[in-house]
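Visitor: Could you take me on a close look at the aromatic rings in this structure, and at what lies around them? I would enjoy one connected tour.

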Amino acid sequence: MSFQRPQIFRPPSEARSYFLPLTQGCSNNSCSFCRYNGAQLHVRDVEEIKEEIDALDLYLREGVCLPHIHPVVYQVASHLTTKRVFLQDGDALVYPYPKLVEVLQYLNVKFPWLEKIAAYATPQDLLRRSVEELKVLKELKLDIVYVGPESGDDEVLKHVNKGVTHDEIVEGTRRAKEAGISLSVTVLLGLGGVTGSERHAHETARILTEIDPEYAGALTLTLVHGTPLYEESCQGKFELISPLQSLNELKTIIENADFTNCFFSSMHASNYLAVRGVLPQDRNRMLGQLSHVLKTEDESLLRPEFMREL
Ligand code: SF4
């Protein structure tokens, strides 16, 4: 089957990057809450990627569009306002290492002005690479990886089929850090359900402390129709936390996670309340915002359900 270009799912900070697909889907397609659950991974041919890079180069230099190149290439390129490339898809770092090096080298040769390359990575992808291998990628301008531990609680990780433990996540992210690659880490409020809420929040604060990333973001669980967790919820085996309980989890995480210098945010559209700041220095202000809503229980201060997004 020929490679199907994936839809663009990307971190907000990559909105203006060029999106270059290396894979479609996610190699770890087992997480019970995720839209990639059960989706097959497709790996793109390296020659096809180079052909896209050549076409992009021609367009950026001479404005020429080739008829056999996917129109998205030109749509994305026409909005390019950064010197960044984001490698798609769900965990582009799974792309076979020698070929990944070849693609990054090609990007560097064609676009010497390129400043940063970014990708989603699973902890498993990082664990497959040595620090030396990751350093090679860093030298080729892989500047940041977006990793989603979702929880630091081993029970939650097991329940949602994450495929890695707390300690393995810490080890994978440690390797990226040692190689000089920045980390942006996301956690998922509500993933422990009602019964596991408190432990999930405390263990998530603990793993964030151990990872000590440059960026961290909290999202709030939204059940995706058709996923195993959605089915569990329909059968009454998993109970979603309430909006105010999600704020309690967020408060616990901000109170207990100990960062060196981390931009922490809950700005994502899945959250009921947006707070952001640099931790540790903005901790009191952020906690004050959360405490005010928790004390008044004024739900009109929360993002309405219909405005939430995945
Ligand atoms: S590793 Fe991430 S993208 Fe892949 S299935 Fe799990 S949550 Fe989804």
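Guide: Here is a walk through the ring pairs, then the charges over rings, and finally one helix.

A word on the basis first: this is a predicted model, in which local features need pLDDT of at least 70 and side-chain atom pairs count only at pLDDT 80 or more, while totals for chains, interfaces and linings use all residues. Residues are numbered from 1 along each chain as its sequence is written, and side-chain values use heavy atoms, with hydrogens and water left out.

A pair of aromatic rings is described by the distance of the centres and the angle of the planes. Rings of Phe, Tyr and Trp (its six-membered ring) pair here if their centres lie within 6.5 Å; planes under 30 degrees apart count as stacked, over 60 as edge-to-face and the rest as tilted. Searching the whole structure turns up 7 aromatic pairs. One of them joins F86 and Y120, edge-to-face, with 5.3 Å centre to centre and 90° between the planes. This pair links distant parts of the chain, as F86 sits in strand β4 (residues 84–88) and Y120 in strand β5 (residues 116–120), 34 residues apart. Strands (E, at least two residues) and helices (H or I, at least four) are DSSP runs, numbered from the N terminus.

How covered are these rings? Buried means under 20% relative accessible area, exposed over 50%, and partly exposed in between (1.4 Å probe, protein chains only). F86 is buried at 0%, whereas Y120 is partly exposed at 22%. Another pair, F111 with W113, is tilted: 5.1 Å centre to centre and 45° between the planes. There, F111 is buried at 2% relative accessibility, and W113 is partly exposed at 37%. Ring pairs also link F86 and Y120 with F19 and Y146 into a cluster.

Charges come next. A charge sits over a ring if NZ of Lys or CZ of Arg is within 6 Å of the ring centre and within 35 degrees of the ring normal. R35 lies over the face of F9, 3.7 Å from the ring centre, and K50 lies over the face of Y106, at 5.1 Å.

Our last stop is helix α3 (residues 97–110). Its buried residues are Y97, L100, V101, V103, L104, L107 and N108. Seen down the axis, they fall within an arc of 165° (taken from the directions from the helix axis to the C-beta atoms), so they line one face of the helix. On the other side of α3, P98 and V109 are exposed.

Conventions:
The expected span of a helix is 1.5 Å times one less than its number of residues.
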